[in-house]
Structures are given as C-alpha cells and as structure tokens.
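Hi,

Here is the structure I said I'd pass along. Have a look at it first, and my notes on the charged side chains follow below.

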Amino acid sequence: MKNIAVLASDFTVEHCQDFIKGVLEFYENCPDVNVFITQTLFSHDSPGIFEYQYWSGAELLKSKQIDAYIIISAVYCSLWNKQKLEEVVSQLDNRPVISASIELDTGNCYAVVNNCNKSFDDIVKHLKEVHGCSKIAFISACSTGSPEAKERYECFLSAMKKNGLEFNEEFLFDGAFVDAEAERVFREKLKSKADVKFDAIVSSSDLMVVGANRVLDSLGVSVPEDVKIVSFDDSIYASLSTPKLSTINQNIVGQGAKCAEIALRVLNGEKLEHKIFSDLFPVYRQSCGCISKSDPSFIFKNTEGKICQDTTLKGNILELYMNEILEKHKYGSLLDLVKAANTLKQLFFNLNFLVDVAMMEDLAICLYDEPVFLHKHQEADIPAKVEMIMYSTRKGDVKSYKPEIVFNRHRSLCPINSVREEKGAYIIYPIFSGEANYGYLVAKPRKKTFGAYTVNLKILISAISSAIEYTNNIVHNEELTNENHHLSEANNDLSQQAKTDDLTHLLNRRGFMEIGQRTIDIASEINNSSLVFIADMDGLKNINDTYGHEMGDKALKAQAEVLKRAFRVSDIIARLSGDEFGIVASSMTMQQVDVIRAKIKRLNAVVSKEMELPFEISISLGAVDLSSSSILTKLLTEADKSLYEEKRKKHSAAV
C-alpha cells in the first residue's frame, strides 16, 4: 500500500476544495493507494487566537508511514513567501514532494505549474482583436510576495508587448488578492468617471475584480459597455457575479489529478522532469461582452468563439442552494448529538450516529497520555506515544471503546485495519481546546467536497475536547473529594493555633482566607455550585453593655455552635472579627439560603436555651454564589452587600 499525504491550508478555500477533489478522483482507480489529508492553516502566521493548533496536523504527517507529499503551494504562498514554504518542505526527510503551481528549490520536489504565458497571450489578443481594446489596466497582487502573482504580472506584460500594446503603469493597481484591498486602491486612484482612462482590465484573480467592480459601479462606469474585464481563477465569483466574469480557468481539479498522477509515477520509480506544465484555458462570458448581459444562462465562449455550456456545479444555483440547506440541517443534527454526550463513554454511545451525520465512513479518536500545551510562537512538540481510545466504522456497524491499542505515531498514523489494509482517503485532524492539544482523529470522508467537513470537524473536536475535560474531572473527583476532606479536618484541627480563633475554636480570618480560597478553587475546577456567606451577630454591643463582656463571649461561643450545627462538617466556618463570621459552603445553591436562615433561627433558640443564656441570640446572613468571581475577597464584598440588605429588612420590620 502506498501512502500519500496532501497538505491543504484551508478546506473552506475553493481552490483547495477543487484540488482535493481532483486528487481523490484520480486515486479512485488506484487499488493500492491511501491518501491522508490535513488542514494546516499557516502555523504561527494563522490569524485566529488558537488556529495555529491546526499545524500539528502537518507534524503528524511526517510519519514514516507517508511515502510522498502533495502540497497546494499556490494557496500557502498567498501568505508565505517561497523561502518559507521551502523550509517546510526541507523537513520532510527527502521524500518526494509534488508542489502545485510553485517551483521549490529542493531536490525532492516536482512542480506542476500553470502554463500562464499562452493564456495571457490569448486574453490580451482577444481584448485587442475582438473588442478593440488598447488601453488595458492590470490588477496585480505582487505586494503579497506570491511567486504566482509575480508570474502573472510578467506574463501580462509579455502578452501586451507581443500584441504590440504599450502598458501604462498608471493603470497598475495592486489588490493583494483581496476584494477589500482592490476596492481601496481603486477608490484612491479613481475619484470620478473621467479618471477611468482605460478601456479594459485584466486581473490576477477573480476576487479582486469584485472590489474593483464596486468602485466602477459607484462612478457610473458600466461593464462591459465602458470597460471590459477578464480575470484569472474561474472561481465561484466568476459564475455568479453580475455580470458573469470572463476569466482564465486554471482547471484546478485537473491540476489536482495531475499532481496525484505524478506522485504515483515517482513512487513507481519513473524518471520525470521536475517541472510539469498544466494547461489553462480562457472562459469568455459577459464582462468582456462575448455573452449578452441579458442572457441568464450559464454559457461561455472558448478561444475559438464556440458557445459552451458551464457544466460545473458553480453554475447550478438551485443545487448549490439545496446543498446549503442540507448542510445546515446536518450541522443542527450533529450539534444535537454532541450536546447529548458529557463523558467520553457517552460520546462513544453516540459514535455511530456521529459518524453517519458527519458524512464519514470511519472515525478513530487517538489521544496522547497527557494534553500537550502548544503556544503560538513555539514549535509543536507532540508525543510519539498515542492511544486509540475509540473508533467506529459504518462497514458492519463496528465500534470499539478503549481497545487498549497503543502505537507510535512516527511509524503509523492509525492502527485500525481499514487504514492499514483498505485503500481510501482519510482526514487527519488535531483535537484541541485553547492551548491544550489532546491528540487527533482519523476520519474517512464519504464526499470529495471538503468545505462542509470544516464545520463538522470543528463541532466534533469541540465535543471530544469537552468530553475529555469532563471525564478527567470525574476521574480526579475522588482526589478532589479527599482534598475537601482534608480541608474539613483542617477546619476542626485545634492544633493549628495560628489559623484558629481562641474563643470559638473556629478558623480565624487568616485560616479562612487560606482554606476558604482553596475550597473555592476546587469548586471552580469541578464546576461545582458553592456559596460564600458573611454573617453578623445581632446586638452583641447591647449584650456586652447589659450583661458584661464575659456574657458577650459566651454568646459568641453559642453563635459559633449554632453555625457548626447549621452547616456541614465539610463547610469552612470562621470567626473573621468581633461579631463577624464567614462560611464557604460547597455544593450549595442560592435556593438553599432561606432554608439555612430558618435552620439558624431555630438553632439560635435551641442553643440559647442549652447554654442557659438570659436572652436569645440572633444573626444576620448575606450570601453570594461563584457566578460573579472565584476570588474570596471579592465574594466577601458581594456577600456583605447582601448582609446589609438583610439587616435593613430586619430593622424595618422591628420599626
């Protein structure tokens, strides 16, 4: 079995989707090829907060199981320069690398590149001879440093010269492959319709034309009546824009198939040139005037002027719309399934359904012994040892939980038989949450179009990460419970003189702030509902003034006894100052506060009688939960506000 890896920067990019489709279509007829595909984004250069985590997929594909690599270099070089990509390729142990569109100066690289010279000759000649254009503007993307952008600009200049036309550099706009940037530079140069002194535009990409068209339209410039446009890519924008865009079709699906073919031929020992050309062809639609703007059909003219039908799904709006509705329905179903699982075992119970709804044949979840914390500006250092904790396959409806299969990812990406012995395509996708990287999943997709899988996989890895974290909390719960027990022992340990109040034998403020904070930390760790109370004894000054301080001390001891009986042994109770007490009560909610108040009121009467006090003690109580903070000092401040409100109510009732 030959194992070939495909590195794609982003499954949602149309270029990547079409390219992967071409690779998979070619290998369908190859009985001994496995394809492993990963979405890497851009390592440390990824714009999102944690999107750099996806680069661990590229690290995984350095496995010795992989025989050759196919890299969609054109998309990587929309952000990276050629040298950066060469650094990545140099780390692949001299195994064959097939680069799409970009020549890389490494001995192990074969490049399938676009034959741009002929295509630009064709479109400049078309604009000149068919439409009578001579003043042609150009939208470049050379500012990105992309080798493809530079090549397209040079091919355009060569085509202008070959067709006897002079290029005016005032007609050069740089849109950096982005519609918003193209719009900005066009607005900066063109203030009115009179400033539009060119009669045609050639663009390095379809997307930049979208931005340019917004400016032309706002100035009252009509396409194609005033300005003809021919672009490059034949993306979905070209088929669905108004007017429909004349463009150069890169045949990305065909290029993917060509790269797949080259990889296989190299692995079969054939001697090939390191540079292979992939043919492009112009598609003339409405924006250059070849097809009437009033014609709603999806047609174009080829270089011979023959009318052709758009046969791709790009032109079938109804099918696109129906597919979008179906995808959204599947997302909803997938979310419903993952929300029903809290633990890894519960996730496993739903695994067959998840695999089906997520449009997969097989799914294996492989985890490291411990989570790896990856940081944006550090290289990924992920363990070699991996355990497959569960897998599911639609073939025979087989699934397994914790089969005790441990393997070395450097030698094999996944140990299940379907990966090792059956040909097919597999997605390698990291499982992460924030900086924590837990492992990866190996999924066998049912579809060749990969855009939808981005959302499905994000939902899955989010659910898996949550299940791992929740399960780990349950596993460690006994340790946390034991620690809570030790805390309660500390609460009652009279030997801790520095943390104990001499009069009441409760914790003092120092002990309360230390042990109480630790208790809150544990409660927060296991997402446990807990309360912080602050209590103020009513009328202690009056007791001291009427009966003397000795009786006041006896009343404080009685109040401490009441609190110990009202709360549990695991709760943290302290005398904070003269007549002020504090309590941290784990696993208690605000709905229980009134019950506690009633219990304390009853115990006040009981204990006052037991201790033969000439009065009945009373205490006011304020309470707050952990929703506002996990810092004890802040929680005490909030509880004090609640206490003040309780005292105000008592005072009003007494009056």
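**Salt bridges, starting in helix 7**

Glu181 is partly exposed, at 26% relative accessible area. Before going further, bear in mind that this is a predicted model.

Glu181 has a partner: a salt bridge joins it to Arg184, with 2.7 Å between the closest N and O atoms. The two sit 3 residues apart in helix 7 (residues 179-189), about one turn of the helix. Arg184 is partly exposed too, at 40% relative accessibility.

Arg184 also meets the side chain of Glu188 in a salt bridge, this one at 3.1 Å, N to O. Here the spacing within helix 7 is 4 residues, again about one turn. Glu188 comes out as exposed because its relative accessibility is 53%, and the cut-off for that label is over 50%.

Helix 5 (residues 116-129) has a pair with a similar layout: Lys118 and Asp122 are 4 residues apart there, so about one helical turn separates them. Their side chains form a salt bridge at 3.1 Å, N to O. Lys118 is exposed, with 52% relative accessible area.

Then there is a group you may want to pull up on screen: salt bridges link Asp179, Glu183, Arg187 and Arg214 into a network.

For context, searching the whole structure turns up 33 salt bridges, so the ones above are just examples from that set, counted as a Lys or Arg side-chain nitrogen within 4 Å of an Asp or Glu carboxyl oxygen.

Cheers

Note on methods
Residues are numbered from 1 along each chain as its sequence is written. This is a predicted model: local features need pLDDT of at least 70, side-chain atom pairs count only at pLDDT 80 or more; totals for chains, interfaces and linings use all residues. Side-chain values use heavy atoms; hydrogens and water are left out. Buried means under 20% relative accessible area, exposed over 50%, partly exposed in between (1.4 Å probe, protein chains only).
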